[in-house]
Each structure stands twice: as C-alpha cells, then as structure tokens.
Protein chains: 2
Amino acid sequence: MRTNVIRKPYLIFLGDISSRVSAKTALGIRDWCGGDVIGQHGLPACTVDLGIPSLTPAQAALQGAGSLVIGVAPIGGRIPPAWHATLIAATRAGLDIVSGMHDRLASVPGLAEAAAAAGTALHDVRHPGLSFDAGTGRKRSGLRLLTVGTDCALGKKYTALTIARDLQAAGIKATFRATGQTGIMIAGSGVPIDAVVADFIAGAAEWLSPDNDADHWDVIEGQGALFHPAYAGVTLGLLHGSQPDALVLCHDPSRKNIDGFPGFAIPSLVTAIARYIDMARLTNPAAEMLAISLNTSTLSDGDRALVMADIRAETDLIVFDPVRDGTTELTALLKARSQSAVLQQSHPVLVEAAI
Amino acid sequence: MRTNVIRKPYLIFLGDISSRVSAKTALGIRDWCGGDVIGQHGLPACTVDLGIPSLTPAQAALQGAGSLVIGVAPIGGRIPPAWHATLIAATRAGLDIVSGMHDRLASVPGLAEAAAAAGTALHDVRHPGLSFDAGTGRKRSGLRLLTVGTDCALGKKYTALTIARDLQAAGIKATFRATGQTGIMIAGSGVPIDAVVADFIAGAAEWLSPDNDADHWDVIEGQGALFHPAYAGVTLGLLHGSQPDALVLCHDPSRKNIDGFPGFAIPSLVTAIARYIDMARLTNPAAEMLAISLNTSTLSDGDRALVMADIRAETDLIVFDPVRDGTTELTALLKARSQSAVLQQSHPVLVEAAI
C-alpha cells in the first residue's frame with residue numbers, strides 16, 4: 001500500500017510534560033495547521049497549555065476529531081506505560097492514533113486489538129510501512145522547490161512551510177510536501193525519507209511530488225545536508241528524486257561546525273551553493289539556487305542587518321529570515337515562474353521568441 | 001544482533017537452470033572462494049555443471065559443508081515451489097541456507113520450523129535484519145580502498161575482489177568487504193548496503209570496515225554511482241562511511257549512457273574523478289583517486305591499447321583491466337602505502353621529516 005493519509009482534525013496528546021521544549025511537535029502542529037486541531041489532551045501531571053480547548057478523547061471524537069496525535073517526544077522515543085490507557089481509550093472512542101515514537105504503536109499491549117475492533121488506524125509516522133520503486137529520473141510536470149541546508153536542524157521544514165503558505169496566500173497553486181515526522185503530521189501525509197530503504201530514497205522522493213499542473217509549486221521539506229558525514233546520502237537521494245527547479249539554502253550564520261560533529265566545518269555559502277546546484281542538475285538541468293533562508297535568532301538587530309547584507313553581496317541571491325522577514329521577494333519570483341510556466345505551456349514558441 | 005557471518009564451506013544449489021547466465025552467483029562463488037566450496041547440487045532438470053563434485057545435501061553435510069547457498073537468480077527473485085523440498089531436506093541434514101532471493105526463506109512453508117528443529121540458520125542476504133547506528137565520522141585506523149564507478153554493473157565487485165586477492169598474494173594484509181549479495185556470499189559476511197534504512201547508510205559502511213592495523217587494507221566493494229538518478233544516495237553514504245584513502249574508478253568505455261536510463265550521459269572521467277574526490281574528502285581529507293579499472297571486454301586488442309593509453313594520458317592514473325591485465329602496478333603502489341603506514345606509526349617524526 002502506498003497511501004498514508006492521516007485523518008484530520010486532530011486532538012493533540014501532551015502526555016505528562018512540564019516543559020514547552022518537549023512540546024515542539026505539538027506547537028508545530030498548532031502553528032502550521034491550527035485549523036485542523038480540535039483540542040489538546042494532557043494527563044493529570046501535564047502543565048503545558050497550548051491555549052486551545054482541553055478535551056477528552058471521547059469529547060473530541062464527538063466533535064468530529066479524526067485522530068489523536070502524540071505531540072510530545074520523550075527521550076529515546078519510547079511510549080511510556082502511563083500513556084497506554086489513554087491511547088486505548090482514544091482508539092475505543094473511534095480516533096486513529098498518530099505517533100512519531102521509535103516504539104511502534106502495536107507494541108502497546110491491547111492497542112492493535114482495540115484498533116481492529118474499533119476499525120481505526122494506527123499510524124507510526126517514523127516507520128513508513130510503505131514500499132517504493134527505485135527512481136526513474138523521468139521529468140515530471142509542475143514546478144518544484146526543495147529546501148536544502150548547510151547542516152541539519154536549521155529551518156528547512158519551517159522555511160518550506162512558510163514558502164508554501166505565502167504562495168497559497170498569494171493565490172499561487174502550491175503544496176507543502178513533508179519528508180519528516182512533524183511535517184507529515186502537519187501535512188497529513190508525506191514520506192519519512194530517512195526511514196526508507198536506501199535503494200529507494202530517490203524513488204520515494206519521486207513518488208512524493210507526482211506530476212502536477214504546469215504552474216503548481218510543490219514545496220518540498222529538505223533533510224540533512226550534503227556536507228553531513230552521517231546523512232548526506234539521504235540528502236542526495238532526496239535532491240535527485242525531487243528534481244527541484246528551485247533550491248533555497250537554509251543556513252545559520254552562528255554555526256561553525258556540523259551540529260554534533262565538531263571536526264566537520266560548515267562549508268562556505270559559495271561552496272554549498274555550487275555543490276547543491278551541481279548535484280541537482282543531474283535530474284533537472286534547469287535547477288537554480290534562488291535564495292538563502294537565514295536563521296538570525298542569535299543575532300542583534302544591528303548584526304543581523306550587516307550579516308544579511310554581506311550574504312546578499314556574496315551570493316547575489318534573495319536573503320531572508322522566514323521568522324522575521326516573510327518571503328515577499330521570493331514569493332514574487334516564484335509567482336513569476338509559475339505564470340511563465342503557464343504561458344510557456346499555452347504558447348511555447350512565443351515564449352522562446354521572447355527569450 | 002550485528003553479526004551475520006555465514007557458515008562455510010558451501011554446497012551450491014543450482015535449482016533447475018539450463019543457462020550459465022542464470023548461474024552468475026554460483027560462478028562468482030566458485031571463482032572467488034572455490035576453496036570454500038564442497039560441491040554443487042541441481043534438481044533433475046538442471047543442465048548447468050560448475051565442474052565440481054555433485055553431492056546431495058546429506059552427502060555434503062557428511063563431508064563437512066556448513067551451508068547450502070542458492071547460486072541462481074530466477075526472474076523476480078521468487079523461490080519456486082519446486083525448490084521447497086530440497087531446502088527443507090538440506091536444513092534437516094544440518095545445513096544453514098543462504099539466499100539472495102527477494103522472497104524470504106521463512107516464506108517457504110515448513111522451512112522455519114525445520115531450521116528451528118535442526119538448530120540451523122536461514123540467511124536472507126538481501127534482507128539484512130541488522131540494525132546500525134548513524135555514522136559518526138570518526139576516523140578509523142587502517143587503510144581503506146573503495147571501488148567507485150561511472151555507472152552500475154561495470155566491475156566494482158570484480159575489481160575489489162581482484163585487488164584484495166592480489167594484495168594478499170603479495171603478502172599485504174588485506175580484507176575484501178562486501179556490500180552486495182554475491183559479494184557477501186563470497187566473503188561469508190558483509191552488509192547489503194542498498195537494503196539498509198536510509199538514515200544508517202554511512203553508519204553501516206563505518207561498521208563494515210572497523211579499526212584495523214595501520215598497514216591493513218580494507219578493499220570495499222562499491223555500489224551505484226554518484227551520477228545515477230536512482231542510486232546516488234547509496235553511493236554517497238557508502239563513500240562517506242568508508243572513509244577511503246584510495247579510490248579506484250571503474251568504467252566501461254563502450255557505455256555512453258547510464259544503463260537503463262537513456263537520458264543520463266556517463267560523465268567524462270575527469271568530471272567523475274573530481275566529483276568522487278571532492279565528496280570523499282568530507283570524511284577523509286587524504287582521499288585520492290589511484291587508478292581506473294576498465295572493462296575492455298567489448299574492444300579489439302588494438303582499440304584496447306589505444307583506449308588505455310588515451311585514458312592514462314587524460315587522467316595520469318594507473319589504468320588496468322582486472323580481467324586481462326591484473327593489478328601489478330596498483331598492488332605495488334598499495335604495498336608502498338601499507339609500508340609507509342607502518343613506518344609512520346613507529347617513527348612518526350622521521351617520516352614527517354622525510355616528506
């Protein structure tokens with residue numbers, strides 16, 4: 001089976017956490033698909049409040065919820081026994097369960113049986129359970145943007161979500177394509193690309209953004225980095241299968257080394273841009289780097305302006321911090337590409353003549 | 001569990017094949033680890049003869065065989081029902097079973113039970129059943145050579161096996177490290193790198209060639225190609241995790257496009273060399289391309305000499321066809337590296353001064 005669409009709207013389960021840091025997934029879901037969230041549910045010891053209605057699983061089901069989503073990530077990714085009763089109760093109330101835990105939901109005693117009896121689904125987002133074909137390299141219709149990075153964990157998901165939202169707000173056809181657990185919970189579907197069997201990384205990425213309208217942008221969440229000693233293979237397979245027309249490079253100017261790998265320096269932006277473009281052009285000779293998405297959260301306002309101006313001068317690309325600046329300039333550029341794609345489709349000769 | 005050592009010697013099972021093409025795996029095993037092969041066993045319809053003793057599984061077990069290895073590959077990788085009785089009989093005779101089929105051995109009715117009763121093992125070489133950690137990038141002791149390619153299926157396994165054999169014959173410590181099914185059967189262990197979960201490609205490659213003596217060469221079987229639209233991610237993860245000191249580029253001068261991907265041109269050797277070196281230096285800044293391994297089977301003797309001379313002039317590297325030329329020049333170079341590694345270990349300052 002090749003479909004893994006998650007049933008919305010969501011009841012977000014918070015377990016027994018006492019810190020917002022542990023609620024990163026829950027906050028991401030609330031912020032990015034708040035319209036798909038009916039409420040939150042915490043165990044008695046939970047002190048975190050997302051500022052949305054608190055509902056029991058049964059109340060949420062009555063109000064039309066489709067799934068209980070585990071919105072917290074305990075160390076080690078285990079499902080604590082203290083959660084078992086809630087998960088089974090939610091299943092019995094008719095909710096699907098969505099988990100990004102390392103432990104599989106079926107390992108919770110009685111949960112698989114309860115789900116079978118209730119006719120509900122258990123989604124282990126970290127374990128796709130999907131099988132893919134190998135990549136074909138066939139060029140697909142439609143436009144694609146992939147966020148890439150100089151490292152892991154510096155804003156590739158956030159950047160892609162922001163761009164997709166801003167394109168949609170500007171009236172451009174656009175879809176966010178999720179490749180990681182939180183992204184999949186937000187989008188309601190996707191492929192956890194790092195959990196796919198190695199032979200099928202590019203094939204899974206091809207499947208994720210199928211043929212589409214000529215003026216439609218798939219905005220694909222990137223993973224890893226070509227300069228990462230552990231994860232570059234995932235990044236390259238995703239890059240090749242995505243066939244991006246546009247790349248956006250995510251970067252944190254305060255980071256000097258690959259996070260957790262002190263001997264591995266973050267490359268210069270010029271090097272990173274050249275390498276990504278070189279590799280991307282294997283499956284899309286028209287691939288271009290369009291912008292640098294900066295995480296400037298650690299910089300003062302003065303430093304921030306200087307750094308952004310420097311990077312703009314160095315790369316001659318659009319430079320923006322998606323959290324602080326929005327994507328106005330990039331959205332305008334992507335809108336123009338989208339419009340010329342339509343024009344090219346209806347009047348191919350005319351456009352060629354104009355170039 | 002992280003060990004997957006296969007019990008030798010082997011009885012090679014030929015099924016009911018009538019063509020040597022279908023016996024590629026069997027021939028590879030016979031040619032590369034003939035000393036570990038006790039005999040062959042075919043069903044009544046089998047017409048292929050490997051030129052080694054024909055034994056029943058029970059006879060082979062009495063002569064000390066450890067495993068029956070399926071040496072043929074039917075289309076689709078299914079295990080035909082006609083084989084079931086033989087596999088069960090071999091298990092009952094005390095042999096482990098080794099299969100590179102897509103179907104798992106446990107899907108053969110009664111085989112898992114027979115193996116449990118007999119205390120024998122079932123090795124599905126295509127399905128590793130091993131779990132790995134993510135890569136660490138930590139530099140390991142010992143020397144490593146990785147074969148890479150301008151495409152798939154042009155001699156990376158054959159080249160690595162030849163180099164490892166020639167090094168051993170020259171008295172140099174060397175181990176062939178297998179990353180594909182046939183290679184694993186020959187070596188008796190290894191990692192089917194394309195079957196590993198994407199996140200752990202580099203980590204699995206790190207595990208495959210652990211710390212070793214300073215003058216020991218791990219000769220690692222490459223997979224895929226950086227220029228392959230489906231498999232480049234596997235290639236890059238393997239390259240990073242292998243941390244090769246030496247690379248050997250395998251190439252077929254008669255091939256113009258990636259096999260099966262007509263729109264994708266084989267890169268020039270100069271481009272391929274530069275790209276592999278660039279990428280390899282992330283995890284081993286000393287990585288060097290040392291030689292080009294050519295498949296010249298389609299060339300006349302005259303053309304062959306010209307092509308080899310041209311490539312030598314173009315790349316300034318050792319050029320050899322492992323089938324026709326042997327590896328004398330490369331072995332000498334690797335031997336020198338091995339010797340200077342020992343010297344450097346015992347007299348680090350002396351060697352530095354000499355440079």
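**Exercise 1.** In this predicted model, determine in which sense strands S6 and S8 of chain B pair, and over how many bridges.

Solution. Locate strand S6 at residues 143-149 and strand S8 at residues 217-220 of chain B. The two strands pair in the parallel sense, over four bridges. One residue pair to look up is B:Leu146, whose bridge partner in S8(B) is B:Ile220.

**Exercise 2.** Place this strand pair in its sheet and find the edge strands.

Solution. The open sheet of chain B has six strands, in the order S7-S8-S6-S9-S10-S11, with parallel pairing. The edge strands are S7 (174-177) and S11 (318-320), each of which pairs on one side only. On average, and with direction ignored, neighbouring strands are turned by 20° against each other. Helix H5 (residues 156-169) of chain B packs on this sheet and touches S6, S7, S8, S9, S10 and S11. The direction of helix H5 makes about 165° with that of S7(B).

**Exercise 3.** Classify the aromatic pair of A:Trp32 and A:Tyr158, and state whether each residue is buried, partly exposed or exposed.

Solution. The whole structure holds ten aromatic pairs over all chains. For A:Trp32 and A:Tyr158, the ring centres are 5.3 Å apart and the planes make 85°. Planes over 60 degrees apart count as edge-to-face, and this pair is edge-to-face. A:Trp32 lies in helix H1 (residues 24-32) and A:Tyr158 in helix H5 (residues 156-169) of chain A, 126 residues apart. A:Trp32 counts as buried because its relative accessibility is 18%, with the cut-off for buried at under 20%. A:Tyr158, at 33%, is partly exposed.

How values were computed:
Residues numbered from 1 in each chain as written. Chains lettered and ligands numbered in written order. Predicted model: local features only at pLDDT ≥ 70, side-chain atom pairs only at ≥ 80, totals over all residues. Heavy atoms only, no water. Phe/Tyr/Trp six-rings, centres within 6.5 Å; stacked < 30°, edge-to-face > 60°. Buried < 20%, exposed > 50% of the residue type's maximum accessible area, 1.4 Å probe, protein only. Pairing = 2+ DSSP bridges. Axes fitted to C-alpha atoms, helices over the stretch in contact; angles between N-to-C directions. Contact = heavy atoms within 4.5 Å.
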